[in-house]
Amino acid sequence: MEIEAIDDKEFDIPQVDTPPTLESILNEPEDEDEPFILEDTCLLNTENIDAHSCETSSLASSDSGDRTHLKRNGHFLNLNQALRLCLGTTATGAEYGAVSALSINHDCTRLLCGFAKGQITMWDLANGKLLRTITDAHPPGTAILHVKFTDHPALAVCNDSGGSVFELSFRRVMGMRTCESRCLFSGSKGEVCCVEPLHAGLELKDHPISQYSLLAMASLTKILLIGLKPSLKVWMTFPYGKTDPASVPLLAWQFVAVQKTINPVLAFCRGDTIHFLLVKKDESGTIHVIKQRQLQLNCDLISLSWINPRTLVLMDSTEKLRVVDRPSQEELETVDMAELQLVYNSSHFKSLATGGNVSQALALVGEKTCYQSVCSYAGQIMYLGTKSVHIMTLRNWRERVDHLLKQEKFMEALSLAWSFHEGTAKAVLGLFADPAKRKGVVADKMVEILLQYVDRSLKKCPEQGKIQVMEQHFQDIVPVMVDYCLLLQRTDLLFNQIYPRLVENSVARGVFLESLEPYILSERIGCLTAAVMRDLLSYFQENGMMDSVEGCLVHMDITNLDIQQVVQMCWDNQLYDAMIYVFNSGMNDYINDGKCNLRPNPNSILYPFPFPCCAFYVVSLNVFQVFEFLIRLHSVEAAQEEEVYPYIRTLLHFDTREFLNVLALTFEDFKNDKQALEYQQRIVDILLKVMVDNSDFTPSQVGCLFTFLARQLAKPDNTLFVNRKLFDQVLEFLCSPDDDSRHTERQQVLLELLQVGGVVQFDEERLLDLAEKAEFYQICEFMYDRKHLYNKIVDCYLKDPLRKEELFNYIHNILSMPGYSSEEKQLVWVKALQHVKVSQTRLQMICPLEHTPGRESSGFRKLISDPNLIRPFSLSNFAQSMVFITEKHKLHEATAYLLEKKGDVQGAFEVLLQEESDEVQSLLRRVEEALHDIIALCQRSSHGLNQQQREVCVCDPVYGKGKLAEIQGLILGMLETFNYEQVVCVCVCVCGCLLISHKTK
């Protein structure tokens, strides 16, 4: 931050031999009869402030890239400043201590002074007389921290170092001035260290909230909002939450327009978070206190002030001033105020004058307090330093722009001015609220800036050095001028005032003309003055920039062109697009013979509607003139080698598809006109004659023609006649098996022709035969699909190398999707199985077949359970998919085989082991069920049998005879054998698993 030093010579400060002493000033006689006028030329008069100030440069602004919001003035006492009043005496100072608080009432007639030893005095500012000395308004032994007038002329409040708040009511009874004190808040309940009454001002004295004399108080733990009138009432309390004990509580009132209604807003903070409370009164008379969006900062604040309803000025503990836009919560500017040497009120908060009898919490807060060193009034904020008083004001919008202009920051000034113009700037002063008036005033200022910018760019242009340096200089400046002239819609300023100044410099002239091209091509500029247009064409022609000429001409308003100059230039330089544009737009001439001698450029910006196709859409033009133009046999002054129908040939070569599309649209528009129908038939005959059997046209172009014809012939009201043999001729041309060139292109053209209805023009059997010979498998699929022969489409996919991989999806769709009969699905299924049996490499069809409804239990299970068919999958990419399928259908042998081939021997072993275990378990369950049945039978029948019959029932059927004891031994022996074999089986399985695990490692 730069500070301009005060120079005595600059400000004409006179020299004195002997400086005045304090006693001579105090003993200076006063004229009591002279009317008193409150003057403070240092602080309130803006003009005098500027004359005795040092203005600091600001940092970057969010609006323009350069911070220009605040204007700072440092004031020093000099001999030209008259001391108007000196209140009190040295004896008063010795008795009361230092002045610790000041307050002036709203009409500037009374002054309240609080002192470090607790006294309060009231002074008449009209004559400097002492009106009251108040010594009993609060407990003795405490310093006055704050004394504040309210809007009520006989009511004030004070806050002492004990943390208590008192109301002071001033009365005058029988000539005696008195003061009654009432305690509003006792410091024993929580020490208050800041108070702020709401001041409405004269313009808002009738506001419904003003009658309550609101007072905000900030203690060390919370905010209190009370009303003093008509009776004392606490409206709300709001705790801070967790804060730093050393942070200073801050309060500030401001009337703010919220939703088109002006109401007071209280801003308060302690630390780094500013809270906002809106106070409003509804129609029923109820008072509401509404919390607004808070503002979070990254610094500890020691001062909080409103400079206007939208802008806050904050000071943090490092003495940096921060300007913040409240609606957007954007920090606009930061200024370092360390050299100010701000005066702190620490001694008063510690009450050193009365013995320091304050709490530790209040003393800790007092380390950073500067309440009495900061004062805001009428858009100004005054800061008291140890040697000077500094006033911060917001620059109005003109001052902010001019501040940048003084630094020759023209681009930043234009950007800032444009933000004023559009109403997006922050902290704006001095502009009309009406948008139209605001834009008018700012636009005039921007015109002034642009003209200054032109003059400065010419003066600052490098006179020596490389031409590239001069070009770069103007290339950085000219586009900025053009942009802002277009934004302001002032092309007259651009071409009539700025351009004539730039013409003085040849380099600037060239850069200006070249810079117009992108604006013309983007159609931001459509009109040029005659002089600028003439210079533009001449400059481009001289520098060989004919492509730029052509590009600009077709985007210009034809009425601004010198037709003779443009036409001659186009003829001389073969600017075909420009010529077409001039004749079409300027002369309404779409069939001039000269145009058709031109060969249209495929990259033409008029693509895809070259002349004379666009003539079909010109209402004022007779379409039959265009038809006549197209069907002319030869052009005017044709050469001997010229082919017949040159105009149609030219358009077909230019873009066959788009030309035929235009013809189709034209045929549709004139389908009920008899004469137009005759022209249409004539044009179709010419097209066939020109394109069929002509090697100049590709199969694609010929296909486009017959696709066009097929669409026309498919219409129900068609009147065109085309010999069917021509379609057969085209079919043979496209399906020629001896021509391998453009195979895909020829197949696609024929497919498109069939899809638009051309199939009715052919013999389907012959078409299918030619397609098979030409290997047009998509054509074959199209024909088979028409006949519902879906099984034959399988062969088409297998034969087509480009679509072979799509066969699986096709079969799956046929078998799984509705819309196909069961017979059609069965034929596709059988066809798929045939290919599976013929070649194992086509087994990929199994995966989609697995999802076919009703197939799992028959053919599919048979396929995947056959090891000979499964074997190809073990080495393919489908092995994992087959494992999922075989597991799903519980085909353990196939699963084990696939896993073994993949190298997962352990997995294969576990599958087979699980299968054996499942079979053993199943066998045991069946044996157990049979035993239960036998036992139940014996239990039911044993009571009716004798001993011999019972033994016969349990005899061993092998021996055919025996007794119960023999059978018992046999059964026990079987059980022992079973247990032994079971243990052996388990041991073998465990050993096998260990061996496999060892091998795999």
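Over how many bridges do strand β21 and β22 pair, and in which sense? Select residues 320-325, which form β21: this strand and β22 pair in the antiparallel sense over six bridges. Strands here are DSSP runs of E with at least two residues, helices are runs of H or I with at least four residues, and both are numbered from the N terminus. Two strands count as paired if DSSP finds at least two bridges between them.

The model is predicted, so local features need pLDDT of at least 70 and side-chain atom pairs count only at pLDDT 80 or more, whereas totals for chains, interfaces and linings use all residues. Residues are numbered from 1 along each chain as its sequence is written, and side-chain values use heavy atoms, with hydrogens and water left out.

**The four-stranded sheet**

Extend the selection to the open sheet, whose order is β19-β20-β21-β22 with antiparallel pairing. Its edge strands are β19 (301-308) and β22 (330-336), each of which pairs on one side only. From one strand to the next, the twist averages 20 degrees; axes are lines fitted to C-alpha atoms, for helices over the stretch in contact, and angles run from 0 to 180 degrees between N-to-C directions. Within this sheet, R322 stands opposite T334 in β22.

**Strands β2, β3 and β4**

Move next to β3, residues 110-115, where five of the six residues are buried. Buried denotes under 20% relative accessible area, exposed over 50%, and partly exposed in between, with a 1.4 Å probe and protein chains only. One residue to select is C113, which is buried at 6% relative accessibility and stands opposite T121 in β4.

Strand β2 (residues 99-104) pairs with β3 in the antiparallel sense over five bridges, and A101 faces G114 in β3. The hairpin of β2 and β3 has five residues between the strands, and in it C108 takes a positive phi near 60 degrees. Strand β4 (residues 120-124) also pairs with β3 in the antiparallel sense over five bridges. In the hairpin of β3 and β4, with four residues between the strands, G118 has a positive phi near 105 degrees.

**Backbone features in loops**

Most residues other than glycine have a negative phi, and most peptide bonds are trans. Select K229 and P230, which are joined by a cis peptide bond with omega of about -10 degrees. P230 is placed in the loop between β12 (222-227) and β13 (233-239).

Then go to E408, in the loop between α6 (397-406) and α7 (410-422). E408 is not a glycine, yet has a positive phi of about 60 degrees; its relative accessibility of 37% makes it partly exposed. H788, in the loop between α25 (777-786) and α26 (790-799), is likewise not a glycine and has a positive phi of about 65 degrees. H788 is partly exposed, at 46% relative accessibility.

**The nonpolar cores**

Finally, select L687, F706 and L750, which touch the most other members of the largest nonpolar core, a set of 74 residues. Such a core consists of buried Ala, Val, Leu, Ile, Met, Phe, Trp, Tyr and Cys residues joined through side-chain atoms within 4.5 Å. Beyond its neighbours within four places in sequence, L687 is in contact (heavy atoms within 4.5 Å) with residues including I648, F659 and L705. A second, separate core has 73 residues, among them V447, V478, V511 and L516.
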